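Here are my notes for you on this one. Keep the viewer open and find each spot as you read.

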Amino acid sequence: GPSAAAAKLESSKSFTKVICDAANAPTAGYGHFTDAPSAKAYIAEKGAPIVVKADGLAAGKGVIVAMTQDEALAAIDDMFSGEFGEAGAEVVIEEFMEGEEASFFVLCDGQNILPIGTAQDHKRVGEGDTGPNTGGMGAYSPAPVLNDEIAQKSLDEIVLPTVAEMTKRGTPYQGVLYVGLMIKDGQPRLVEYNVRFGDPECQALMMRLGAQALDAMLACADGTLDQMQINWADDHAVTVVMAANGYPAAYEKGSVIDGLDGLPETSNAMCFHAGTTLADGKITATGGRVLSVTARGATLKDAVDTAYGMVDQINWPEGFYRRDIGWRALK
């Protein structure tokens, strides 16, 4: 993992924008504000749609994609009133980027870079990508929109210049780098960096990587990524998140989940627990996003069918899930 100084690529959105400017990496136009009146004036000048982000870490929920000016102004009020704690003491307001979003994962040992896969997350709570943003309702890998040509362009124009700029500043980047991209007309632009694997993209990615994930991470830690190569199977993986009713708003904890004992646990199918505990011999829900049901297949449809087949075996009336994970690629 990165040093605290290098981890600012995730912990401060304004820092990332400064790095992108210095590295000439394509990203959204933006403004950085420490008070509500200035932020609101910027929104009035730019209009909507527009994106309002808490500058710091807000558990994946500090980003408001405002389709109207009123929504954007309300987001400013929420952030400066303390809804996101210290994370919202400063805000970054960005141009709304159109296109298709995808995630690109690389390992960096401070000098060398190793791409380890692509995925597409489903951040909105509702089917057809509707409703409020969440921490992620499902994902699949690979992401067809992030083809080899666009992946190379992302490395050349965004990732490598960023890593070079971090090294130049005396804070070399080492660890997992999650590169969130918006892709339109073959051109990738940076949405955000995370300094860790994304959830739930990680589950789909790990199923496809298998044991070589460990080898790659050891090489990353040892500074020998230039000697490492990832061998990808020509397959697909999908993760379906099961969440507590009410999420991403208020939800109840403590409901019992049945049907988990009969699920497969193989290199092709697995149910990852996120927000569960064992109470009185029963698995109970303790979080918002509770289970990540994950499967591999020769095609994306095969993986989707297997994952939803597993979901159908789970008896949890107090939970819900999206039924359209992978819909963009399947379409």
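1. Let's start with a pocket. Bear in mind that this is a predicted model. The second largest pocket has a volume of about 370 Å³. Its lining is made up of 20 residues, and F104, G117, T118, D148 and W232 are the ones closest to the centre. If you want to know which elements to click on, try β6 (113–121) and α5 (148–168), since each of them gives at least two residues to this lining. Sorted by class, the lining of the second largest pocket has ten nonpolar, six polar and four charged residues.

2. Next, find the open sheet of four strands. Reading across, the order is β1-β4-β2-β3, and the pairing is antiparallel. Which strands sit at the edges? They are β1 (30–33) and β3 (63–66), each of which pairs on one side only. Going from one strand to the next, the twist averages 15 degrees.

3. Now zoom in on one pair from that sheet. β1 and β4 (residues 91–95) run antiparallel and are joined by four bridges. To see how the residues match up, pick H32: its bridge partner in β4 is V92.

4. Two helices deserve a look against this sheet. Helix α4 (residues 69–80) packs on it and touches β1, β2, β3 and β4, with a direction that makes about 5 degrees with that of β2. Helix α2 (residues 13–23) also lies across β1, β2 (50–54), β3 and β4, but its direction is at about 140 degrees to β1.

5. Stay with α2, and look at how it meets α5. How far apart are the axes of α2 and α5? They are 9 Å apart, and the helices pack at an angle of about 105 degrees. That angle is why α2 counts as roughly perpendicular to α5. On the α2 side, the contact is made by F15, I19, A22 and A23, while α5 brings P161, T162, E165 and M166. By class, this contact of α2 with α5 has six nonpolar residues, one polar and one charged. You have met α5 already, in the lining of the second largest pocket.

6. On to enclosed space. Rolling a probe the size of a water molecule over the atoms shows where empty space is left. How many cavities of 30 Å³ or more does the structure hold? The count is one, and the largest cavity has a volume of about 30 Å³. Around it you will find L107, I116, F197, M206, L209, Q212, A213, A216, M217 and I230. Both α6 (201–209) and α7 (212–222) supply at least two residues of this lining, and α7 has the largest share, with four residues. As for class, the lining of the largest cavity has nine nonpolar residues, one polar and no charged ones.

7. Finally, check a few backbone details in the loops. A48 and P49 are joined by a cis peptide bond, with omega about 0 degrees, and P49 lies in the loop between α3 (36–46) and β2. Another cis bond runs from Y247 to P248, with omega near 10 degrees; you will find P248 in the loop between β12 (236–244) and β13 (269–273). Then there is N24, which has a positive phi of about 60 degrees although it is not a glycine. Look for N24 in the loop between α2 and β1.

Definitions and conventions
Residues numbered from 1 in each chain as written. Predicted model: local features only at pLDDT ≥ 70, side-chain atom pairs only at ≥ 80, totals over all residues. Heavy atoms only, no water. 1 Å grid on protein atoms, 1.4 Å probe; cavity = no way out; pocket = protein on both sides within 12 Å on 5 of 7 lines; lining within 4 Å. Points joined across faces, edges and corners; volume = space filled by probe spheres on them. Nonpolar A, V, L, I, M, F, W, Y, C, P; charged D, E, K, R; others polar. Pairing = 2+ DSSP bridges. Axes fitted to C-alpha atoms, helices over the stretch in contact; angles between N-to-C directions. Contact = heavy atoms within 4.5 Å. Parallel < 35°, antiparallel > 145°, perpendicular 65-115°, else oblique.
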